[in-house]
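Work through these exercises with the structure open beside you. Try each task before you read its solution.

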Amino acid sequence: MQQFRPDRNGRKALILGEVVLVTGVARQLGGRFVRRILRDPGVERVIAVDAVRPEHHLGGADFIQADIRQPTIARVLAETGADTVVHLDVTATALGSGSRTVVKETNVIGTMQLLGACQKSPSVKRLVVKSSTNVYGSAPRDPAVFTETNPAKALPSGGFAKDTVEVEGYVRGFARRRPDVAVCVLRFANILGPTAETPLASYFKLPVLPTVLGYDPRLQFVHEDDVIEVLRIGSHEPARGTLNSGTFNIAGDGVLLLSQCSRRLGRPTVPLLLPAVTWAGSLVRTLGMTDFSPEQIRLLTHGRVVATDQMRETLGFTPRYTTAEAFADFARSQGQGLLPPEALAGAVDRIAALPLAGGGHPPTQSAN
């Protein structure tokens with residue numbers, strides 16, 4: 001049976017395919033996703049929404065300048081008749097000269113307004129939300145590997161991590177109120193790639209990396225290309241034998257130690273006592289170099305690793321890039337560090353191979 005929805009002029013229009021509304025399109029990731037989803041044959045129209053006009057092109061998408069913190073987003077949903085909403089405007093970094101306050105308001109209040117609009121819209125049938133593994137926090141007694149059902153040992157006290165916890169809480173409430181809508185929450189590990197705009201990417205761009213003395217955390221990464229692909233999968237009806245509603249950890253296979261990351265970048269580290277690292281974080285924030293928040297310091301102290309079984313078995317997604325490959329692609333885009341990676345790795349390994357004082361056995365060498 002043919003279905004219709006009102007067009008911009010209030011007339012009935014025949015539905016030929018999905019109408020996808022995407023938030024946060026002024027960022028590189030949002031722009032890339034819009035251009036990618038436009039190429040899918042089942043997509044009839046893409047509505048790109050952001051409070052500021054993007055500097056990059058959006059292909060054939062219809063751009064609507066709207067602030068999701070305002071009730072006007074409900075009118076946008078009603079007028080476009082979107083059946084799929086992809087919420088990418090949940091982020092840790094400000095756009096342009098924006099402040100942390102604006103970021104938090106967009107993350108939390110913007111999500112509340114968007115979900116309220118979706119709840120009132122009879123046309124919305126699918127919701128995809130970009131979240132983060134930051135919801136698990138980073139604490140000394142964390143499990144070795146987090147699954148989607150593991151609660152955080154210590155709830156994040158502030159910053160982007162707390163935002164994501166609040167966002168997911170509102171999304172769960174929406175899912176209870178609209179059980180007819182397929183809701184897909186994607187918890188991304190640290191996103192890296194040549195154009196990544198994340199706090200950890202900014203940290204790795206520093207000429208010298210401040211680290212916490214005595215700690216060498218395990219880290220996971222997901223490549224920005226894989227982010228685009230899994231968002232695309234979540235935006236469509238599930239393939240036979242898969243289910244793309246629920247909450248999924250998204251990360252590349254394997255882990256890297258922070259020390260391995262610094263060597264592969266050719267950037268020296270400066271191990272500091274924890275209070276000094278906190279002071280250094282305040283300094284680099286003041287200089288505008290990176291978002292060195294308390295939550296990021298905890299990550300660089302205790303690390304975080306998540307299980308991706310549900311991503312593969314239920315969602316049916318296998319990343320193209322491992323954690324190491326995602327980091328390697330990012331590293332290639334950064335150019336030469338202060339120290340050649342090969343020379344730095346060789347020096348570290350030679351020091352590690354020296355016998356301990358008192359005739360002890362040499363420590364086990366770490367992999368590069």
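The exercises below deal with a predicted model.

**Exercise 1. Classify the ring pair Tyr 136 and Phe 146, and say where the two residues lie.**

Solution.
- Step 1: Start with the total. The model has seven aromatic pairs.
- Step 2: Take the distance. The ring centres of Tyr 136 and Phe 146 are 4.6 Å apart. The cut-off for a pair is 6.5 Å between centres, so the two rings count as a pair.
- Step 3: Take the angle. The planes stand at 15°. Planes under 30 degrees apart count as stacked, so Tyr 136 and Phe 146 are stacked.
- Step 4: Find the places. Tyr 136 and Phe 146 both lie in the loop between β7 (126-132) and α4 (159-177). The pair ties together parts 10 residues apart in sequence.
- Step 5: Check the burial. Tyr 136 has 1% relative accessibility and counts as buried. Phe 146 is buried too, with a relative accessible area of 1%.

**Exercise 2. Classify the ring pair Phe 204 and Phe 327, and find the cluster they belong to.**

Solution.
- Step 1: The ring centres of Phe 204 and Phe 327 are 5.2 Å apart.
- Step 2: Their planes stand at 80°. Over 60 degrees counts as edge-to-face, so that is the class of this pair.
- Step 3: Phe 204 sits in helix α5 (residues 199-204). Phe 327 sits in helix α11 (residues 323-334). The pair links distant parts of the chain, 123 residues apart.
- Step 4: Both Phe 204 and Phe 327 are buried.
- Step 5: Follow the ring pairs outward. They link Tyr 203, Phe 204, Phe 221, Phe 327 and Phe 330 into a cluster.

**Exercise 3. Examine three salt bridges: Glu 224 with Arg 32, Arg 126 with Glu 237, and Asp 253 with Arg 312.**

Solution.
- Step 1: Start with the total. The structure holds 18 salt bridges.
- Step 2: Glu 224 and Arg 32 meet at 4.0 Å, N to O. Glu 224 is in helix α6 (residues 224-235) and Arg 32 is in helix α1 (residues 28-37), 192 residues apart. Glu 224 is buried at 5% relative accessibility. Arg 32 is partly exposed at 25%.
- Step 3: Arg 126 and Glu 237 meet at 3.5 Å, N to O. Arg 126 belongs to strand β7, while Glu 237 lies in the loop between α6 and β13 (246-250). They are 111 residues apart. Arg 126 is buried, with a relative accessible area of 6%. Glu 237 is exposed at 62%.
- Step 4: For Asp 253 and Arg 312, the closest N and O atoms are 2.5 Å apart. Asp 253 lies in the loop between β13 and β14 (256-257), and Arg 312 lies in helix α10 (residues 309-313). This bridge ties together parts 59 residues apart in sequence. Asp 253 is partly exposed at 38%. Arg 312 is partly exposed at 29%.

**Exercise 4. Which residues are linked in a network of salt bridges?**

Solution.
- Step 1: Look for salt bridges that join up. Arg 36, Asp 40, Glu 229 and Arg 232 form such a network.

**Exercise 5. Which residues of helix α9 are buried, and what phi does Gly 303 take just after α9?**

Solution.
- Step 1: Helix α9 covers residues 294-302. Its buried residues are Glu 295, Gln 296, Ile 297, Leu 299, Leu 300 and Thr 301.
- Step 2: Move just past α9. Gly 303 takes a positive phi of about 70°.

Definitions and conventions. Residues numbered from 1 in each chain as written. Predicted model: local features only at pLDDT ≥ 70, side-chain atom pairs only at ≥ 80, totals over all residues. Heavy atoms only, no water. Buried < 20%, exposed > 50% of the residue type's maximum accessible area, 1.4 Å probe, protein only. Helix = DSSP H or I, 4+ residues; strand = E, 2+ residues; numbered from the N terminus. Phe/Tyr/Trp six-rings, centres within 6.5 Å; stacked < 30°, edge-to-face > 60°. Salt bridge = Lys/Arg side-chain N within 4 Å of Asp/Glu carboxyl O.
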